[in-house]
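Work through the following exercises with the sequence and the coordinates open beside you. Each task is followed by a solution that goes step by step.

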Amino acid sequence: MKLLVDNSSREQAPQASPLPDLASDELAALYQAHSREIYYLTLRLLGDAQRAEDATHDVFLKAFRKYHDFRGDSSCRAWLYRIAINHCSNLRQSWHNRHVFTSQDDVVEQNASPVTDSPLRVLEIKELGNRIQKTLDSLSEEYRLLLLLVADEELSYEEIAVLTDQTADAVRGKLHRARKAFTTTFRRGE
Amino acid sequence: MKFEKKFSQQEQQVSESKMEASQTIHEFAVPEEMLRFDANQTVVPDSVAQRLSRSLQRHPPPARPWWKRWF
């Protein structure tokens, strides 16, 4: 299977701007290393750039305040994801934005063709974000979160399992169904 | 001579447009590859860092307890 990804864009991926006048270099480094991943997660979970901006600010502020309590049981990235997931979940509840997904995913899965047969094609990068957001919005919260976490190569299945309160085997099983659901919905938009 | 020049220009334009088209087609084997690619294109707005700095100046994070410096 062919994968045509413009790797140059990955190499030139924009870095987060450093925090000006931050009290500690340690905190500045924390922000520099993880802000893009946290911003991206909140952006795709909340589906709104302004909300994601607010959420990223709140997540890092919370993390900076609690940084000395961080015991290092997990990686820093996983710890920040935990704060971000909880924060977004609280926001979504308070906004009454929760959607109830019943059998929609099952229908999607029934109609799904094998994911490995043909890759997902994207013609225009500028449209990619919108289509990804629409596709993610159509999935259950659990599938959406799983896909977003798995997309971060720094996270292991075990860490994702802890973040989503399930076993690593359950993550693998659900991930397979989440991929199918995503692919089917994404292709409908083509 | 002129025709040759014009032809080569046209050829160049065609090859350039082909190259552009090939650069905008992306294939992803699994959704997370697409999401990873999308994440790499995402830029955190500068305003987040600026707001954080202001917030930390107003309410600085607590200092590390002295006993934690020993560990």
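**Exercise 1.** How many helices and how many strands does chain A have?

Solution. The model is predicted, with local features needing pLDDT of at least 70 and side-chain atom pairs counting only at pLDDT 80 or more, whereas totals for chains, interfaces and linings use all residues. Residues are numbered from 1 along each chain as its sequence is written, and chains are lettered from A and ligands numbered from 1 in the order in which they are written. Taking helices as DSSP runs of H or I with at least four residues and strands as runs of E with at least two, numbered from the N terminus, chain A has nine helices and one strand. Read along the sequence, these elements follow the pattern α-α-α-α-α-β-α-α-α-α.

**Exercise 2.** Describe how the two domains of chain A meet.

Solution. An automatic or database assignment sets the bounds, dividing chain A into domain 1 (22–94) and domain 2 (104–188). With contact defined as C-beta atoms, placed from the backbone, lying within 7 Å, 12 residues of domain 1 of chain A touch 13 residues of domain 2 of chain A. On the domain 1 side, helix H2 (25–46) and helix H4 (76–94) of chain A each supply at least two residues, and the largest share, five residues, comes from H4(A).

**Exercise 3.** Set out the elements of chain B in order.

Solution. Chain B has three helices and one strand, which from the N terminus on run α-β-α-α.
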